[in-house]
Amino acid sequence: MTFIGWFQIALFCAVVVVLVKPLGGYMTRVFAGERTFLSPVLVPVERGFYRLSGVDERTDQNWVTYAVSMLLFSLVSFTSLYALMRFQAVLPFNPAGQSAVEESLAFNTAVSFTTNTNWQSYVPETTMSYLVQMAGLTVQNFVSAATGIVLAVALVRGFARRSAAGIGNFWVDLTRCTLYILLPISIVVGLFFVWQGVPQNLGAYTEATTLEGARQVIAQGPVASQEVIKMLGTNGGGFFNANSSHPFENPNALTNFVQMVLIFSIGAALTNVFGRMVGDQRQGWAVLAVMGFLFLGGVAVAYWAEAAGNPAFARLGIDAAPSSFQAGGNMEGKETRFGIANSALFATVTTAASCGAVNSMHDSYTPLGGLVPLFNIQLGEIIVGGVGAGLYGMLLFAIVAVFVAGLMVGRTPEYLGKKIEAKEVKMAMLAILILPLSILGFTALATVLDVGLAGPANQGPHGFSEILYAYTSATGNNGSAFAGLSANTLFYNTTIGFAMFIGRFLMIVPMLAIAGSLAAKKIVPASAGTFPTHGPLFVGLVVGVILIVGGLTFFPALALGPLVEHFAMNAGNLF
Amino acid sequence: MLREFRPALVMMVLLTVLTGLAYPLAMTGIAQAIFPRQANGSLIEKDGRIVGSELIGQDFTKPGYFHGRPSATSGPDPTDPAKSVAAPYNAANSGGSNAGPTAKSLIERVEAEMKALKEENPNAPVPVDLVTTSASGLDPDISPAAAMFQVPRVARERGLPEARVRELVSQHTHGRYLGVIGEPTVRVLQLNMALDALPKQ
């Protein structure tokens, strides 16, 4: 580890924190339906959307209608994306002549992109036409992100409103989120990416004759427009197979820095939206503090492990010490321009959020370096988290935390003036328990079936980690991978598809039920017996609940994978 | 409930037209107008032919050129398209080795690379990036340490003084952004083109 490495990490954190208030304020105004500086241009477009789709923007929906709208929209998304992939061969914008996507792969990919997971069982540059990339995948990059954000806003309305029947209007929230937040940022930052070298064209792949006279075919495409929303919406699905390690997706250290900021920007700002909407910004900062604490712990471990490198390399006499001439450390599966600090930071950011974009190959990380992304996702990606999903996941843990606190003093727990009763706690636990059920259940299944065991590329404990990572990533709707796993098979495409579905919708529905139930409650005035939820005690309590729930549930599985591999590596064992 | 079907369908169509067609096509138009070189992949032309992209690494094997990092990309087998074979720096199929840290195959591969490099330059320690594959398999850069390691071989092959080659490497070394962000790098393709452009000794 070097000073300059830590300095870059600190700079990144500072930029994210500085953006929280302005972006949070803007987003709060957007979801309250107030005027913003973009209104003169966008209000007519917005009105047109409502008129054509028959939406009355003043109607409030109760939680069931809100949930049904979201589910129907996801169903339409899934169907249209699936159809687009199956018919791409006969549709326009296909200069590379890609043929129809096979059924199980099309199913997996359609679930993947509608659930904001962006798990990719395929190599994009050899599978998807430009039309699918744009009108299919880019669209889902926008709308699945917008769906996550508006769900979080709906839950926050549950806390903020009193004795109310409704929690907002899904169609209005979806439209506003896309038009006022996602699209403008994508246009501006997308053009910045092009300026820095990210391609944006519809041309055929380029044939080059290299300096040594060999033929090199260079994949092209409308990359920048997808790249920016891939990060901003914590989607993570690469335009190319190598994702953000590909020089066309992420040409230099500056674009890399901006990509990491994009991943965290909306998720972090949502904590401020939360604070503003419940009328006390300190509540938002407390939630962000929990996230920040867990985040820095992850970065420290990942950076330390990757900088320490692979002891097997050291035994061969390879020079892996950091200096002003090289980054050193474990450079397998990492790019020179990012080195160790920016790779470890990116890996932690992308899994703390549910992004899943990668600028280095997690499969080649040292065991403990690879444990951090795995553990981040298993905690439920509540460290900033996926746009929206992170906030509602964290609030579920906060509900459990105040419940635990209430048990300790024998008092009915309250959070933000709302009594937390049996129904909320049951729903929160249901949502939280979905994660281990799917992750551990599917992993267990894959490790006893021949079709599952055929997947891993690595032998020994690392092979088990590859399987565990796949279902962790799918259920957590992350989308990154220990990519050695051959996942483009009927078995993996199907089970991973179901894991993504379970991880998204079986969490959302109980969460919306909580929102509806909270919105209907009265506010209990704070008294001397009220547990303050903006101080360090609360922050510590939530961190504890998260680590105990996450740690206890997943520790045995982690012991079989990364932990045993760590000790094997240090003992000089190879597999 | 079924009342929500119409907005679901219409919203999907409208958002597809907006974010899936209007947005990427408009971005393509603007990008082609104001940043045409970058928008088309930062291609390098020499004598009217495209030799590659500034941003994409190439598979250099001749001893007179600086070599990039090992690449784990593959391509279809020319004799049997159903199978794939190693094809370093295949810019139409990016990817890493995905070898775990305790994989026997990884350590054996690194050991072989190491041996070859030691023969070429026994006097310097082998920098780690020169024996490890990159994440994309298309890494255009090597570390300054990896470039300096290759200076004796390149100088010998080209009959140039080492100091001259070292000077060229320094000229093609890029520092961190604003002195802070990223890592120092050397672009291999540009460095090799500069080598070719040197007057013959």
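**Exercise 1. Describe how β1 and β2 of chain B pair, and identify the residues that stand opposite one another.**

Solution. Strand β1 (residues 43-46) and strand β2 (residues 49-53) of chain B pair in the antiparallel sense over four bridges. Helices (H or I, at least four residues) and strands (E, at least two) are DSSP runs, numbered from the N terminus, and two strands pair if DSSP finds at least two bridges between them. Next, consider the partners: E45(B) stands opposite I50(B) in β2(B), and K46(B) stands opposite R49(B) in β2(B). Finally, consider the connection: β1(B) and β2(B) form a hairpin with two residues between them. In the turn, D47(B) has a positive phi of about 55°.

The model is predicted: local features need pLDDT of at least 70, side-chain atom pairs count only at pLDDT 80 or more, and totals for chains, interfaces and linings use all residues. Residues are numbered from 1 along each chain as its sequence is written, while chains are lettered from A and ligands numbered from 1 in the order in which they are written.

**Exercise 2. Determine the strand order of the open three-stranded sheet in chain B and state which strands stand at its edges.**

Solution. The order is β5-β7-β6 of chain B, with antiparallel pairing. β5 (141-142) and β6 (173-174) of chain B each have a single partner strand and stand at the edges, so one side of each lacks a neighbour in the sheet. Two bridges join β6(B) to strand β7 (residues 185-187) of chain B, and T173(B) stands opposite V186(B) in β7(B). Helix α6 (residues 188-197) of chain B lies across β5 and β7 of chain B, running at about 55° to β7(B).

**Exercise 3. Locate P78(B) and decide whether P78(B) is buried or exposed.**

Solution. P78(B) is in the loop between β3 (74-76) and β4 (84-86) of chain B. A residue is buried if 20 or more other C-beta atoms, placed from the backbone, lie within 10 Å of its own, exposed if 12 or fewer, and partly exposed in between. P78(B) counts as exposed because it has 9 C-beta neighbours inside 10 Å.

**Exercise 4. Characterise the packing of α10(A) and of α13(A) against α19(A).**

Solution. Two packed helices are described by the angle between their axes and the distance between the axes. Axes are lines fitted to C-alpha atoms, for helices over the stretch in contact, and angles run from 0 to 180 degrees between N-to-C directions.

Step one: helix α10 (residues 281-308) and helix α19 (residues 536-570) of chain A pack at an angle of about 50°, with their axes 9 Å apart. That makes α10(A) oblique to α19(A); angles under 35 degrees count as roughly parallel, over 145 as roughly antiparallel, 65 to 115 as roughly perpendicular and the rest as oblique. The residues that meet include F293(A) in α10(A) and V542(A) in α19(A). By class, this contact of α10(A) with α19(A) has 10 nonpolar, no polar and no charged residues. Ala, Val, Leu, Ile, Met, Phe, Trp, Tyr, Cys and Pro count as nonpolar, Asp, Glu, Lys and Arg as charged, and the others, Gly among them, as polar.

Step two: the axes of helix α13 (residues 367-378) of chain A and α19(A) come within 10 Å and cross at roughly 165°. α13(A) and α19(A) are therefore roughly antiparallel to each other.

**Exercise 5. State how many residues of chain A are in contact with chain B, and which helix gives the most.**

Solution. Residues are in contact if their C-beta atoms, placed from the backbone, lie within 7 Å. On this basis, 111 residues of chain A are in contact with 96 residues of chain B. Helix α7 (residues 170-196) of chain A gives the most to the side of chain A that touches chain B, with nine residues. By class, that side of chain A has 58 nonpolar, 44 polar and nine charged residues.

Conventions: Two residues are in contact if their C-beta atoms, placed from the backbone, lie within 7 Å.
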